[in-house]
Every structure is written in C-alpha cells, then in structure tokens.
Amino acid sequence: MATINFNESTTSVPPDQGALVAELRDRLTEATIKCSERCLYQSAKWTAELLDSLPEDGDQDRDQDAQMLGADPPTSSYRMLSTSYDDPHEAALEAKEASKYLLAKSYFDTKEFDRCAAVFLPPVIPAGGLAVFEKSRARTPLSTPSKRGKSKASDLNPLPKLSQKSLFLALYARYLAGEKRKEEESEMVLGPADGGQSTNREVAPISRQLEDYFRIRDASDPQLKRSHGWLEYLHGVVLARSKQEDLAQEWLLRSVRLNPYHWGAWEEMSHLLSSVDDLNGQLHSGFLPQNVMTLIYQVHANVDLFSTTDSNATATALDSLIDIFPFSTYLLTQQALFYYHSKDFDTASSIFQDILVDHPYRLDGLDHYSNILYVMADRPKLAFLAHLATSVDKFRPETCCVVGNYYSLCSHHEKAVMYFRRALTLDRSFLSAWTLMGHEYIELKNTHAAIESYRRAVDVNRKDYRAWYGLGQAYEVLDMGFYALFYYQRAAGLRPYDAKMWQAVGSCYAKMNRLEQAIKALKRALAAGTYYETDSPAQSFNTSVASAKGKSTRKQAGRKLLDPQTLWDIAQLYERMPNEAEAARYMELCLSQETGQTMGGSKTHKPKHKKQQHKGAASFTAVNASQRDDSDDGDGDTEVLSDATSPSSNATEPLSPAGYHGGNQGEETNGGFGTGTTATTSRARLWLARYAFKNDDLDRAERLAEELCMDGFEVEEAKGLVREIRGRREATAPGASTPFAFAGDET
Amino acid sequence: MGRFLTPSKVALLALAQVYSKGSIPLSGTARVLNVLISRILLDSKESDELLQQQAGDTVLDLEQALAGQASAIPGRTVWDLLLKALWAIDCADALDWFISDTPLLLGKTRDELLKERDEGLPPQPAGKIVRTSPLGLFIRRCSLEYLRLQFQDSTALWMDFIAYRMPSKGAFTRKNPHVLRSAFDSNIADLEIDTSNTLTGIMFRRMLEDVDGQQKTYSTYDCEKLMEFQVSEMQSLGGRLPDTMKTTLKQLARLGTSAPKLTHYLKFLDSWRAGDFTSAFDNLHRYFDYTMQSRDRTFYQYALLNLAILQADFGCHAEAIPAMQEAIATARENRDTICLNYCMSWLYHFGRAFPAQMQSIRETGILGNETEGLNFLKSRAKEAEMWTLLSTSLLSEAKINLQHGESLAMCFENIVKASHVNVVKNVPNCTGPALLMKSTLFSRIGQTHQAYSCGERFLLCHSKNAPLEDVLKCTIRQAALLTQMGRVSDAQANMAKIPPHILKVLKYKIYHTTHTLILRARHLLHRNALDSAGQIITQLVSQQPHPETDTSTQVSLLEIDLLIRRRELMAALDRLNQLADKAPLENNDVSLKCRLLTLKATLFAKSDKALQGFSLAMRAVELAHSARILPDLWAATLALAHILLQSYEFAAARDLVAAILPQALECLDCELVGRCYLALADSYVGLAGLAVSSEDGEGKGKENGKDKQTQKQLMGSAVDVLEKAGEQFRWIQELEGQLEALAKMGRIWMWRGDAAVANEMGEKYMSLRKEYAEADGC
C-alpha cells in the first residue's frame, strides 16, 4: 500500500517538476510564516529548512503559478501569506485584534505564557474570585459535584469571539504554561518528585474549551470551510496528552487535511502510531491528503517504527523525496536512520558525516549519529563529534547525548550518566537519553534506576524497542522472569526480525522452564539471524558488555548463517526436554558451522551475556501456553528445521563466533579454511562425543574427543573421555567385535 | 583554565613513558629524570624564574633541555622519541587513551601483589615506576585529574595540546616525513576538509582567538603554586611583584579565566608596597571576602593582622592598635598560636618603634614591659617552633641590651644564640639581620673595620635571602661608615648601587631618599656649603616626623650642626634642649643621650662658657664609659679636653687627648681624629705659650734658652699635628677644619718669623676656600 500511495503522490510530480517546486515553495513559505506567527517554532524551523532545501532555479518565473493559486497578485509575498486572504471574516477579525495579537506574541516570545494567554482569554478564576470558592466550600454537601460545575463553567465561560489565530496563540500559550509548571513540579531528573506522575493541569480545561468551541463552530460551518487546521492540531495534542489517543488521531487527521504543511501535526500523529499496521491502516483509510507531506510522513513514521518490512518502499520514497528536496538535511537524516535501522552502519555514518561537513552548526539528530558511531565502536570519530557538538553548544540535549555515548564507550559510566541526566534536565522528553541512561545504569548495576529510566523512555515513546529490551534485561537481572518475558516480547514485537530479541525471549522461557516455547523462540532467533545475514545482536543493541571492547569486523556475510550459540542453546533445551535425538541433531548442526566447505568464511563476533550460560541449569517441565507469538514461531520453526534437517547439506558456512575469550583471537586464527573452532562448537563437540559414547559409538566418540584435544578446548574433559573410551574398549574388545559397526563414515 | 592538567604536563607524561620503556641509556637517565623532576616538583623553590617558566613551559623549552641526549635507539635522540610520542596523539580520543593508559606505567600496589601471590595468579606485566615515587605520584595525579575533567575541559586540554606541540611540527616532520596527516586532528584529515572549513572554525574557535600568542597555558594548580610562592617571597622579603609576574597576571586576566583568589592578596601586597593605600585596603577586603567561606579554617585573625599592619604602615596608628588587639583576641579564641605569636611580635616591634602610641597596650599589660615581652615571645616561639621569630626576638634582645647600655657579653651572647638558631634550624633569612646587629655592636665598641666587614659580608653573601629592608639599612649603614672614614665617593657609589627592585617599594624609596639626603647634607656641612645644606635640612625637617625615630634624631642633629656652623649658638642650644626633652620618650638610647650631652658641652665650649659644660662633659664621659660606647666616649673626652684647654690646663688636655688618640684612630672617624689633632695642637701651642710666659714673668736667662728650645719643639709638634689634622679633614672634605688647621699653621710660621711659609699658608687658605666655594657655589 505504501508504494501505491507513493505512486499516487508521485503522479502529481511528473507533469511539471518546476511547477511542483514552485508550488511547494509557496506552500512552504506560507506554512513557515503561519507557524512562526503561531509560535510553533519547531515546525517553522522544519518547514523553513525544507523550503531552503528546494533547488534554486527558476524562482522568479514560477511566481506566476503562485499567483494563479492566490487570489490577488502579491506585492510582498509575506503580506499576502500572513493574512488569511481567502477568509475575509477571519481577516477582519485579525485586523481588529492586530495590536493585541502583537502584544500577545511578544509575551509569548519572552516566555511569559500565562500573560500571553491572559491577553485574549478571560482569567480562569470565576468572577467572584476566592469568595466563590469559600461559598461553595460552605455548602459542599448541597452542591452537586463536578458535572454541574463543569457545564456551568462552560456555559458561563465561553471563549470570547476571536480570530482563530489569536485563539490558537492564547490556548497554546496556556498549554505551554501548563507544561512548564508540570516540569517545574517534577524537579530533579529521577528525583523524588520526578515520577512521571505530574500532569499538565491546563490540558483538561483547554480540551473542554476547544470541545465547546468546535461544537459551536461545526454547527455553523459544517463544511469546515473556515477551519485552518491549527486549532484542530492543538485539540489533537491536548487530547493526546490526556491519553485519548483515538480521538486525538481523529483531530490530527482533520488538522493535516486542512493544513497539510504543518509538520508538527504530522509528527504528533506519528507519535500516536503504535505499529506498522496502524500506519498502514491510516494510509489505506484515504483520510490523508494526497501530497508530498503524506509521503514524508510515511517515511518518517516508517523510520520511526524501525519498520523493515517494506524497506524497499521506504528507500524509494526517500530517494524520490530527496530528488525533490535535494539539500534537505531532514530527509538525509531520515535516510541515514533508515540505513542505521537496517544495520548498514557504514552508509549511515557516511551520510551523517556529509551532513556534518555541510552543516557544522546543526546539532539535530547528532545523537543518532553518535549511536551509530557507538555501535561501530569508532572512538576517535565519536570523540571528534562530541568535541564539535560541545563547541557549538554544550547545553543541548543532543550534545549531552553524544558526550554521554562517548563516555559510555570509554567505559566511564558515571560520567556518561551525568551527561544523560544533563540532557534530560534540558529536555525531559528527550527519548534516547532516557534509554541510554537506562543502559548506563545497567552497567553500573543500579537496576532500579535503570528500570525507572527505561520506563520513562517507554512512556515518552512506546515504540522504542531498546527501552523495552532494557526493561526485560533489568527484570531478568532481578530474577523476575514474567516481567522480563513481557518486556522482551514487546521488544520482539517491535523488531520481529532481530535475533537478539528472540534470544532474550527464548532464554526467558527457558528460565521459566517453558522449554517448548523457549525452543520456538530460539528457532525464531535463528531465522531472524539469517534474515539480516549478519550478526545483528551485537549491533542492534548498543550496550552489550562484550561489544564495547574490540572492534569486530562488520562485513556482511555473503551467505545465510546460523548462530552456533543459539544452536547450542536449542540443543541444550532439547536435551532437557528430554529429547536427545533432537539435541544431537542441533549439536551436529552447531558443529557443522565450523567445518563448512566455502573458503574465506565471514567472521562474526558474538557476545553473549554470561547468564545465558547458566540458565540451562534449570530443570525442565514442558509448559504449554498459547502465546501470541505462536503463529510466528511456526514460520521460524519450519524455516529453521528445513535447514536443520539437512545438517550435512552444506547450507552453512564456517562461522566462528568469537567466544568468551575475546573475539580478535578467534578472528585471526579463522582466516583460512573452516577452522572455526570455538568454545561453543567445542562444547558441542564434547557433548556429541559424550553422546556417542553413551550410545556406544566409541569410534566416533574417540575421534571427536581427540579432535577436542587437538583444538585445545576442554582438553581435560576430552582426555578423560578418551581414557574412558579406551577403558571401555579394552573391556569389550577381547570378547567380541564392536557391537555397532557405524565406523563406516570414518573409514 | 584547567585545574591541574596542562599540555606541558601531558608532554611530561609522554617523557615518562619514553623513560619507562627503557629507551634511554643508563648514562642519560639522570639527565632525563632531572628534566622530569625539576618540572614536577614545583615545591622546591629554586628561584622565581624557574617556577614561572615551568608554569608555562613551551615544547621548545623541553627541546632545549633534552637536545642532544642520545637514546638507546641508534640515531635517535630522546627528543626524537618524545616527539614521536607526542605526535602519535592524533585526535582527542588518542589523548584520552594516552592519559588513561599512563597508570600502566606504574608498578603494582602491595594489595595487588598480595592478591597475586595468594591466588596464585600468573604475574601480570606491570610498569616499573614505583607508585609512591614523585614521578609515580605525578602520573597518578594526572590520570586522576583527567578522570575528573568534564568533557569540554578535556577538549580544551586537547586544543591546548595542539597549540602546545605546534612549534615542534617542523622538527617532527623533518625526522618523520609522510607520517603526519594533520597537524590538528586526524579526524579532519578523514573528513577530507582543510582547516579553512567552517567546521574547523567552530571546533578550534578557541585556538583562533589567541592566534597571536605565545600564550602559555596555565592550570589553576600551577597558578596557585606560582602565587603561593610569590606571596611567601613578598611576605618574607617585603618586596613588590617582579615585572615578569605582573605580565603573567595580566595574561591571566586577559584569558578571562577564573584566577585563584590569591590574586587579590598578591595585588594587596603589591599595592601596599607601592604605597597605594586605597587599593591595598580594597584588595585586602576583597581577598578575605572571597576566602572567608571557601576554607574550613577561619581566617579572621589573619585578616585583622593584615589590616593592622597595613594601617600601621600608612600611619593610622590609632586604628592599627585596636585592630591588632582584636586580632590577638581572635587568635586566642581560635587557638591559632602561629598567628598569635606573629601578632605579639608585631606589637612588640611596633611598641619599640612608637613607644608613644603604646599607652593603651601598656595599660592592658598584654606584653608586660619590654624584657618581659621579649621573654614571652622567645618562649612562645620556641614552643611553636617558629624559628624565625625566635631568632629575631634574640636579636631584639641584643638590641635592647645595647640601647640600655648593658653588658656587652650579654649582647654577644644573644647574637651568637640567634646565629646558632639560624644555622641549626636553617633560617637563612635571619642570617643577614644577625650580621647587621653584630655590625652595629662592633661600631659601638669602636671596631669600625669589624663593623664594616660584617656589613660587607651581609651584602655579599646573605642579601638574597634577607628582607629587603635589612639590605637597604645595611647599605645605608655602610655608606655612613664610608663617609665617616672619608671615602665619600665610595659612599655615594654605594648608595647609588642599591638594586632597583628594593626602591620600587615606596617606603624603602622614601627611606633611601631621606638617608641619601642626610648624607648629602652632612657632606655639604663639611664643605661649609651652608646654604645648600640648609635647604636640604629644611626639606628633611619639613618631613618630620619620619617613620623611623632614628632618622628624625639624625635630622635634628644635622639641624643643630648647621646652626652651630652658622654661629647661631642660641638657636642651636634651644634645638638641642628640645631634642633632649623629647629623646627619652621616643628613643631611649644611651648613645644618643651621650651624644647630646657631649654636643651641649661642645656648644658651651664654643660660646666661651666652657666651664658651664664641664659637668655635662663629665657626665657624658661617665655614661659612655659605663655603657662601653667607645666612639662617644672619645668624643666626650675630647669635649672635656676642650674645656681643659679653655681653662688653660694645657698639660692635662694634652695628656687626655694623647691618651685617647690611638683609640680614636681605631674608630676610623676622620672628624673625631681631626678634632683630636686640633685639640692636641692647641694644647701644644698653649704649653709653648706657658713656657714663654713663665720666662717673661721670671726672666731666668739660663732656662731661657732651654725654654725656647722646648717652645720651639712644642711649636714644631703643633705644626706636625696640625698637618695631620688637615689631612684628616681633607679626607672628609671638612673645609672649616682644614682652614682652621691652615690658619693655625700660618700663625705658627708667622710666630717663627718665616713669613714666606706663612704667606704660602695664607695663599693655600685662600685658594682652598675659593676652590670649595667654586665647587659648591655654582
């Protein structure tokens, strides 16, 4: 659907690229001016940037087209655009209020929000002042509570007759005043008062007023001819703050339909999306206007949702958008983020680097760049970036995030926390700082603080899988399996193609002794791992302890890989089911990862949390519980099993997960033909040797054990095993020949 | 400005790294370590310049220090290796790695060793630098301070480092071509942009701002060290800020960074010394306002102490004393012995200098009388182990002994005690004052050459560590002694030789000027240029009261001398009486008393009322004798001789003068000796006259020839003696004395009937007079 939509919007592009650009320029200019008139600074900035990124040519010629759209020829485009030229009624109102509006705007600009609101709106306190309050208290038992009061208030206190612009400004100022008070109430970041429970007290009255306002206006103007979309936007925002999200979405949709070039509304709408399905539903619904903004919105939402399902569509959409806006830093950033989410870090970082060189003063989005550099463990660049950001402005949340990431990469976690806190003090809704701070608290073993940070991140944005995953991790540390499982599932739901999520889910199930589900989850992880064709876990989540050190090479594997560790885990789980045959199959599969036929195998680096080693100790009882993920698991299952059933079918190639003893060593020894002997595969070999021994396949057992001795892993165990085998052989050999003549494959 | 780390410290770390890698041959180790340690241990106060240089060491200074030191790698010097280490740091992150890795150079702690042994771990490789060595401490401190840096501070360090090593770029690229990618940051090279890009403009804004500059980077630590050093220098020596330090302070101000609070104190001291009372007052208050809260110790007593000293120095005695009393009370309350002792000592010295102001103190009895006060101070100083205070107290005691005319042995004992303390407890800045005291003592017992050599010793050997005031006083004393010996031009040269940094202090400048004027006035009086001398003396008198009572007395004596030479004897007597009335209040010195008595006797002698002065002269002699003030004793005796001469007791006079002459010669006081010779000549002539008059009266022809013979002999001796007197007076350019000698000689030649010689004498007389008049008159 996304592509269809894209096509629709592009159909309007081809006729005349120039005309389109000219129209866009006009629209964007108008939007910028109107946004700044309404003190929507961020939207104004966004639009202006987009406007500036349009190609330069043919500016003057296109004015003709603009005039065709506009009613009268403008002498100065600003004048033309600033007044509501198509609505004489509004224009008259605005003209009447001009002086008051200027006053209000100047108050707004000096951040005196209450004063700004008071210019247009009557004071909130009822006419009687405090006397009313006392009276009502005196007769509390008599007075009917809130309902009557509310209706009365709305009756008594209607909005004055104002132009939409002034009304918007006034209400918006009131809203911001509430936000400011809310922030002041919560005091220090993660302090006692900062529980996220303080609310914006202005939201409810504003929402009520707007409701009344719209009821009256819609009645008088059913076609919405006179609506400009701003108040609708505000209503949407206010509703979203009071958690009435469906309603909010409705109003925001209405707003973008009326005023598609107001980016704030789109952004707000994308915040309300909870999944790709929501987005697709929205795109299908046909409520969205058909223009370039929808396309940008679609891209933005897709990137925001880490959606990788229709990555091609997003990529093409991005490309075509960049064709229209060749210099748009916003779009370039989105593109870089897109590559980042699809694990193409090199491209992402090179895009960011170009943006950096061209716009050195621009700090927006640099936190993402620092995340990329973090994942790439590129300390020098990260230091450089931090230096640059600090030189530009050291008190911007982005800067603090960059510096925090740098310190985190240097393992100075206390300092990192300090900088993330600073970022949050500057902007509490700065999502990535909450998540990253959570990671740092995990590193500092302060699990409770970590949980709180993650929780705040999730409250700000429910689509942040890293925060969900972090929550899961924290609860796992606290041994609260059910909670951990829940959060891991949320993370996996957001990122179904990330092996790490599924591994976490699997390990959680295993911990709770729900082995079948654990196995399913792990198989899903295997499938996901092959989907990305690279070892995603280390990179998808930038707080892995082991990955903080040594730079592992991040070349893409040419072929699909199976992760031996996961295979080993699955085998372990099967063993505990107990289903030794399956376990043996997976062990063989694990072993076969090191003896592939292809040359120059990829090198991967697989850090694991140590706890995964220990989790197998649990005893097993099969727990059957129908899970939401079951159907998904099914897919993964068959996929993997088709691979797994043919362990010798050369579907795999040498894989050397750098084990616990440092990745670099493994990589170096791994240069040539399938010698990817690692701790994991060695353990698999030992297990297989024991298994063979138990099944009296002494030759195979001996061969495996000797291999082990040669490889130098688990030598003591292997030697013991060899002795045991020889002992058994000597005990049985004099009597008869070996009972099982399976030695055929060896000879 | 960073707290501790500066680029030069990073360079030292790099040098430490080179050193610990063993790439320095054994023979060069000492030199490299010397370079390191002399820059690490700022506490060892070698000298002012070294410290300043270290605070802002440039990379080229290091090159100088290390140049030519071969390393273990053939063909490379230590400097090359260091450069390589410095330029290997190619981005901010590399600097981070570098500093974070420096603790690896250190050896293991005891705990680590124990743990290793107990757990049987294989020995981990570790550095060789002992953790507790100065170098080890330095490395640990550096890495700790780095850890404490905020991010922007570490980037500032990085940028400073780039600027710091830039001068060595040429040297590095010469040896290692094609290695260097960017002189700034390798990331810039990665981005493939040059330094003119906006990006670099943003990042290195700080460096672009002081592009002009050989601007040295200071850390707060360095600054504090530097200022502490300056303050202690200024406090112990009493000088002003040297110019280099002033430029440094200006630089700091221009950097706009927060300078340490001590800056205000430095400014206070400086403006105090410069005589700028308002600024000093202002800065003192500012300093204590800023530091009152920031330290855990209360400094109120110190604030008061400083305030009191300041006020006293600017002549507000009435306010200084209550302030000091409060300081003492506060110090007692806070049990701050050191401060208390300082206060007491100051109060004591203040009391000595201005006894008149001390009425209230004496009434409260804080210090008791003088000796009690001194004993108290001595015991307190010993208790608190304040050796400087002990030494100065002992010297003060010696001084009191002298002034009271007590036993010489006691004086010497006290001086020796002080010297002992100086040597045993290593108090170098009191050695000079002890010598000065000794010099005074020697000159009192007439051993002028000893006194002079003590002074020379002080100036030659100990002037560097001694308080500037003492150096100045000693120089002036030496000049006075030289004048007295008749080496006038040497004396003037000596006065001109005083180092300019002493004269930058207003108080010393005034002191110096006053004494130069006194010497000059005395010289002019000798030359009989009375008008010029009168002018100078009027100037000096108009400046009364001088901060030192000693100076005032000298001026008054000059004034009296002038009056005498002008033959205004009545006025001179009045002035003398005034002085005598005032003296016991201000200056309770036996010597002065003695001199006044002598002077009065001389005055009576001059006004032909010699007998009136007899008892005065006797008293003076007695006093000087009992106090063993030999020069005064000889002067008093001479006065006595004059009285005897006037009363025709020529024989007694001759005997008296002949008896004191050898001792007077020992005093090396030309004027005294000259007057002695004159007196002797007078006595000879008188004796000769007696011989003749007896012949006239009795007319014994036999004896006549013999008497004539005796008379001639006596007259001959008189001429000899007169010649000697003339010689002495010539040395000190005493015109009147010379003329007197010549006139008397002319008379004798006339009497002998040798008119030619007499005439010659007359001509000499006239020409000498003319010569002097010409030299001075124009």
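Where is the place of Leu668(B) in chain B? Let's work through that and a few more exercises together. This is a predicted model, in which local features need pLDDT of at least 70, side-chain atom pairs count only at pLDDT 80 or more, and totals for chains, interfaces and linings use all residues. Residues are numbered from 1 along each chain as its sequence is written, chains are lettered from A and ligands numbered from 1 in the order in which they are written, and side-chain values use heavy atoms, with hydrogens and water left out.

**Exercise 1. Place Leu668(B) and Asn426(B), and describe their backbone and exposure.**

Step 1: Leu668(B) sits in the loop between helix 37 (650-666) and helix 38 of chain B. Helices here are DSSP runs (H or I, at least four residues), as strands are (E, at least two), numbered from the N terminus.

Step 2: Leu668(B) is not a glycine, yet its phi is positive, about 55 degrees.

Step 3: With a relative accessible area of 31%, Leu668(B) is partly exposed. Buried means under 20% relative accessible area, exposed over 50%, and partly exposed in between (1.4 Å probe, protein chains only).

Step 4: Asn426(B) belongs to the loop between helix 24 (408-424) and helix 25 (428-444) of chain B. Its phi is near 55 degrees, again a positive value in a residue other than glycine. Asn426(B) is exposed, at 59% relative accessibility.

**Exercise 2. Examine three salt bridges, starting with Asp109(A) and Lys105(A).**

Step 1: Begin with the idea: side chains of opposite charge can pair when their charged atoms come close. The cut-off for a salt bridge is a side-chain nitrogen of Lys or Arg within 4 Å of a carboxyl oxygen of Asp or Glu. Over all chains, the structure holds 52 salt bridges.

Step 2: Asp109(A) and Lys105(A) meet at 3.2 Å, N to O. They are about one helical turn apart, because 4 residues separate them in helix 6 (residues 88-109) of chain A. Asp109(A) is partly exposed at 38% relative accessibility, whereas Lys105(A) is buried at 19%.

Step 3: Arg181(A) and Glu202(A) pair at 2.8 Å, N to O. This pair links distant parts of the chain, 21 residues apart: Arg181(A) is in helix 10 (residues 164-186) of chain A, and Glu202(A) is in the loop between helix 10 and helix 11 (203-220). Arg181(A) is partly exposed at 32%, while Glu202(A) is buried at 14%.

Step 4: In chain B, the closest N and O atoms of Lys744(B) and Asp682(B) are 2.8 Å apart. Lys744(B) lies in helix 40 (residues 735-752) and Asp682(B) in helix 38 (residues 670-698), 62 residues apart. Lys744(B) is partly exposed at 23%, and Asp682(B) is partly exposed with a relative accessible area of 23%.

Step 5: Shared partners join Asp561(B), Arg565(B), Arg567(B), Glu671(B), Arg675(B), Glu734(B) and Glu736(B) into one network of salt bridges.

**Exercise 3. Find which residues gather in a patch of negative charge on the surface.**

Step 1: Patch residues have over 30% relative accessible area and no salt bridge; like charges are joined within 9 Å, and nonpolar side chains (Val, Leu, Ile, Met, Phe, Trp, Tyr) within 5 Å.

Step 2: The residues are Asp246(A), Glu250(A), Asp277(A) and Asp278(A). Helix 13 (245-258) and helix 15 (276-285) of chain A are the elements giving two or more residues to the patch.

Step 3: Asp246(A), in helix 13 of chain A, is exposed, with a relative accessible area of 65%.

Notes. Accessible areas come from the Shrake-Rupley method with a 1.4 Å probe; for residues, only the protein chains shown count as cover. Lys and Arg count as positive and Asp and Glu as negative; His and the chain ends are not counted. The place of a charge is taken as NZ of Lys, CZ of Arg, CG of Asp or CD of Glu.
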